[in-house]
Each structure stands twice: as structure tokens, then as C-alpha cells.
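Thank you all for coming. I would like to walk you through one protein today, beginning with its overall build and then moving inside, so please take a look at the model before I start.

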Amino acid sequence: MPDAALRLFCFAHAGGGPSAFRGWHGAFGTGVDVRPVLLPGREARLREPPVLRMDELLGPLCAGLLPLLDRPFAFFGHSLGAVVAYETARELALCGGPRPEHLLVSARRAPHLPSRQAPVHRLGEGEFLRVVAEMGGTPADVIAQPGLLRAFLPGLRADFELNETYVPRARGVLDCPVSAFAGDRDPQVAPDEMAAWRDTTRGPFRLRVLPGGHFYLREDPAALTALIRPVLTAARP
């Protein structure tokens, strides 16, 4: 959508990529250009080495985004993608670059809160896959096919390491509005942990809780996009 008034950059969960947002194109009308972000080690970039530390990710990521930040934009991130979106917004501000009109975060505790779960990225393959399968983010056909699994597993484990070793850098809070979304049956994050995102910005904050688990957005994608639509409309010039 070359004439769209606003771009929405979408950051996926651990192991996820643009396919996680396949149904979002056109969901917000012609005024919003949906741009899923593809990180190294995922989908079409599967052969590239995945990034294990947030500090190593941000420079190349911001450099890749800058040519597309020629109009108002917003960030949406789910799970791991929430903190990647958040740190990308902060990195852009630190470098004097353009800033998002809105940050939308989903299914990931606020960055300054400690995790309630033990780290899993160092687990043996069998136990690691059991934990991942319980979360529901990895397609069953991938787990069931050894060939696909061997290709998919290193990037997925790397994403868990990226998430579990992440510590937010001590610097200023954002100025843009922040909207947080959570599933009411998500075992990974409680609504009060999502509510703590209010501390990441000087701007307005709102939390919305939807029916579902950690991947509530797959269970009823229309419910989430319906809530996001007016947020993006308000962010457009």
C-alpha cells in the first residue's frame, strides 16, 4: 500500500515470522500498510545465523527499518516480539530517529519485571520441545516432522535465549501511547504483569484482556484486530 498514511510493523513471537500476521493485510483498511518484520534465523531467513542478544539485534534492525520510516508508523509485538518492538522504539529515540505513533504489546510481561518461569533455552532437546509444544506456538506439523524440526529448532532455541537473557537498558521511557493486550487464560503472563507496561511511557496507556491463552490472537484474530483498528485510526495524521 504505497499511499497508506501509516505503517504498522509487526514483530512475532519466538520462532515466528511474517506468516504469524498473514491475515492482517487489509484488516485495517487501505490507510494502514502492514509490514511484518523478518528477523534472522526465521522463515525465508532460516539459513542466516539467529541473533542471541538484544544489543546485537537492534543496530541492524533499526538500519533496516529506517528507509521505511518515511511516514507515521506504529509497532505491534507479540510475546518476544513485544520487547523487540519496545527496544526498537527506544533505540530509534536514542539515535534521534523517527518515533512510533503508538506501541502495541501483547502477551509479554513488562520489560522491567522478572520472569516467573525458569529459563528453557538450555534444556535438552526432548524437554525443550515438550515445553515449546505446551505453549502452543510451534505448528504441530513442524514438531511431527524430524526434517522440518532440525531446520526450525536452532532458531527457536536462539529466540528463547534472546528473550531469557534480555535485560532492559537503563534509559528514558517512551513518549508515545502504549496499548497492551493479553489473553485471560495465558499461563505465561498475568494481566497485572501486562498492566506494568504503563511504566514504560509518559504517554497514555490502556490494557485490554481478551478470551484465550498465550496465542489468543490465533484463536480469534478478528477480536484483536477490531481493537487495534481504532488505535491505528487515531494514530494516523
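Before anything else, when I say that one residue touches another, I mean a contact, that is, heavy atoms within 4.5 Å. Please also keep in mind that what you see is a predicted model.

Let me begin with the overall build. The protein has eight helices and six strands, and, read from the N terminus, the elements follow the order β-β-α-β-α-β-α-α-α-β-α-β-α-α. The radius of gyration is 17 Å, close to the 18 Å that the globule rule gives for 237 residues, so the protein is as compact as a globular protein of that length. Buried residues make up 50% of the 237 residues, and, among contacts with a separation of 6 or more, 81% join residues 24 or more positions apart.

Now to the inside. The largest nonpolar core holds 46 residues, of which Phe 11, Phe 75, Leu 103 and Trp 197 touch the most other members. Several elements each supply at least two residues of this core, including β1 (6–11), β3 (73–78) and α5 (146–164), while the largest share, eight residues, comes from α2.

What does Trp 197 touch, if we leave out residues up to four places away in sequence? Its partners include Ala 82, Val 83 and Tyr 86, as well as Leu 103, Val 105, Pro 111, Val 178 and Phe 205, and among them are also two arginines, Arg 108 and Arg 109.

Finally, there is a second, separate core of 25 residues, which includes Leu 8, Ala 12, Tyr 216 and Ile 228.

Methods
Residues are numbered from 1 along each chain as its sequence is written. This is a predicted model: local features need pLDDT of at least 70, side-chain atom pairs count only at pLDDT 80 or more; totals for chains, interfaces and linings use all residues. Side-chain values use heavy atoms; hydrogens and water are left out. Helices (H or I, at least four residues) and strands (E, at least two) are DSSP runs, numbered from the N terminus. The radius of gyration is taken over C-alpha atoms; the globule rule is 2.2 Å times the number of residues to the power 0.38. Buried means under 20% relative accessible area, exposed over 50%, partly exposed in between (1.4 Å probe, protein chains only). A nonpolar core is a set of buried Ala, Val, Leu, Ile, Met, Phe, Trp, Tyr and Cys residues joined through side-chain atoms within 4.5 Å.
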